[in-house]
Amino acid sequence: MIPILVDNPLLLLFVVASIGYFIGTIKIKGSRLGVAAILFTGLFFGAIDPRLQVPEIILVLGLSLFVYSIGLSSGPAFFASYRRNGFRDITFIASILLFSGLIAVGLYFLLGFSAASIAGIYAGSTTNTAALAGVIDLINNTAGEAESATMIQDIVVGYSFSYPMGVLGGMIAIVVLEKWLKINYAEEKHRLRKDYPVDDDLTSLSIEITNPDICDIPIRDLFKQYDWNVVFGRVFKGGKMGLTNWDTTFKEGDFVMVVGGKEEVDRVTDHIGKYSDTELSYDRKLFDVRRIFVSNPKLVGKTIASLRINEKYNAVITRIRRGDVDMLANGDTVLELGDRIRFVARRRDLKELSAYFGDSYQASSKINLFSFGLGIGLGLMLGTIKISLGPDITFQLGYAGGPLVVGLFLGALRRTGPIVWTMPYSANVTLQQLGLILLLAAIGVRSGSAFFHSMSLDGLWIFAASALISLLTAFMILFAGYKFLKMPFSILMGMVANQPAILDFGVARTKNKLPEFGFTMMFPIALISKIIIAQILFLILR
């Protein structure tokens, strides 16, 4: 079998990927390694026989696909966070990571690690594969062939030994501080319901209007007064069925369909009336319900309000499904390829609405190879530019930082004239996963022999150093963010979650998706910071 894998590196790649992915799905005490198990599987195969190798181009391709896809999907949240909180979030996370970098410097002098080893320990303890790859890229560009081989072995060994503690450190910090600070996840979810679509299960119920105080007041004024986070759909008044709009007013005895999270619908009901057994959704003589895919590229990047649907059609958008999340639709919601919009509309308008939005699953799942190739090409070009931090320190963003930075900007732009930069949600997730699998498999196989030859007392010191870095970093993010910056603990959990296992752990404890928003919001900042800090550590200490 080994000779076959030696002669067929592509076969080796997919054997490592498939076995590693399977191992990553196995849960141990509620947690799993996820795709990170592919790295350790690759290390195992690489240790079996040093002749087992995966071409370097696979590593570079996986890295570029992974970080560019993340940049595209995270760009809007990245800049939205900047607009909402200014430099606060960026300065906070960058300062914490710089603090962890200073701890690494102290450990370098205290324990006598090599520059490559401490850079790997830093990348592993912060569970950041892109930082690892960034330093490897730097080594290949600045060192000779023999020297670079030794350094790469050191950095991968440091990364591989420290990675498990990087995962455990975040989980330990979450458990300790949530008890110490007495966190109420349900209260945080309720408080943040308008800023983040955290309700997984939207519901729609028929409400009878019984409160005279809200009658004869336009819906727009009711929303301003009561700060509701729901959507009104069909309304039955005066013996006729119709659809609501911002000018609609209610009378006692009217019936209206309300769409929203269960808690929010209960709150609205307390203000306007009572639940009714009259199920308006069953009456589809004039109005019907349909989910329509957004596959028309001309609509991508536009807000719902800018489409002026009410002026063209007798229709109401009640919710939008993006990936696995149902979101309430509002005027500021920006459409993406692959969104599934739920319309309540006049039956004769549904065909035109379907044509207007495209409604093609196949078209909404395709990648625009022109914009994708152009964007990732610009990122790779940016990665080749040398950045000077002084007479003796220069570095490049490389295959990791360049595509990430360009992806962030293009993801936030969404489109430039006729060019749509963003990808359908499903395609983006697939490319992220594919890129990460290629990256981890290639790194693991190429470094397996050196890793297992280094399993000694040095490995225990690396593990201890990584425990110190990961625990202090996680505690600082959670405690300082919650106590001093007054940030929600659920969001901070996502900032700590630089690895899918930690994110899954956080989501399981909160029982909502708030940690995912923290992860998406801060991951680009953390990724860029770690890429830069890891390279600076290597350059200065070298």
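Analyst: Start with the elements. Helices (H or I, at least four residues) and strands (E, at least two) are DSSP runs, numbered from the N terminus. Thr333, for one, sits outside such runs, in the loop between E8 and E9. This is a predicted model: local features need pLDDT of at least 70 and side-chain atom pairs count only at pLDDT 80 or more, while totals for chains, interfaces and linings use all residues. Residues are numbered from 1 along each chain as its sequence is written, and side-chain values use heavy atoms, with hydrogens and water left out.

User: Is Thr333 buried or exposed?

Analyst: Read the relative accessible area. Buried means under 20%, exposed over 50%, partly exposed in between (1.4 Å probe, protein chains only). Thr333 has a relative accessible area of 12%, so Thr333 is buried.

User: Which residues is Thr333 in contact with, leaving aside its neighbours within four places in sequence?

Analyst: Contact means heavy atoms within 4.5 Å. Once neighbours within four places in sequence are set aside, Thr333 touches Lys302, Thr303, Ile304, Ile320 and Leu328.

User: Where is Ser100 found?

Analyst: Ser100 belongs to helix H5, residues 88-111. Its relative accessibility is 0%, so Ser100 counts as buried. Setting aside neighbours within four places in sequence, Ser100 is in contact with Tyr122, Ile469 and Thr473.

User: Tyr122 turns up there. How many residues of helix H6 are buried?

Analyst: Eleven of the eleven residues in helix H6 (115-125) are buried. Tyr122 is one of them, and Ala115, Gly120 and Ser125 are among the others. Look just past the helix too. Right after H6, Thr127 takes a positive phi of about 45 degrees.

User: Now the strands. What is the order of the open sheet of four strands?

Analyst: Strands of a sheet pair through backbone hydrogen bonds, either parallel or antiparallel. Two strands count as paired if DSSP finds at least two bridges between them. Here the order is E6-E9-E7-E8, and the pairing is antiparallel. E6 and strand E8 (325-328) stand at the edges with a single partner strand each, so one side of each has no neighbour in the sheet.

User: How many bridges join E6 to strand E9?

Analyst: Seven, and the two strands run antiparallel. E9 spans residues 340-346. For one pair of places, find Asp288: it stands opposite Ala345 in E9. E6 spans residues 287-293 and is mostly covered, with five of its seven residues buried.

User: How many bridges join strand E7 to E8?

Analyst: Four join E7 (residues 315-322) to E8, and this pair also runs antiparallel. Arg322 shows the pairing at one place: its bridge partner in E8 is Val325.

User: Next, salt bridges. How many salt bridges does a search of the whole structure find?

Analyst: Check the charged side chains. A salt bridge is a side-chain nitrogen of Lys or Arg within 4 Å of a carboxyl oxygen of Asp or Glu. The search finds ten. One of them joins Asp247 and Arg220, at 2.4 Å from N to O. Asp247 lies in the loop between strand E3 (240-243) and strand E4 (255-261), and Arg220 in helix H10 (residues 219-226), so the pair ties together parts 27 residues apart in sequence. Asp247 is exposed, at 53% relative accessible area. Arg220 is partly exposed, at 31%.

User: Asp288 was in the sheet. Which residue forms a salt bridge with Asp288?

Analyst: Arg347 does, and the closest N and O atoms are 3.0 Å apart. The pair links distant parts of the chain: Arg347 is in helix H14 (residues 347-357) and Asp288 in strand E6, 59 residues apart. Now compare the cover. Arg347 is partly exposed at 42% relative accessibility. Asp288 counts as buried, at 14%.

User: And Arg322: which residue does its side chain meet in a salt bridge?

Analyst: Asp339, at 2.7 Å from N to O. Arg322 lies in strand E7 and Asp339 in the loop between E8 and E9, so the pair ties together parts 17 residues apart in sequence. Asp339 has 1% relative accessibility and counts as buried. Go back to Thr333 now: its place is in that loop between E8 and E9 as well.
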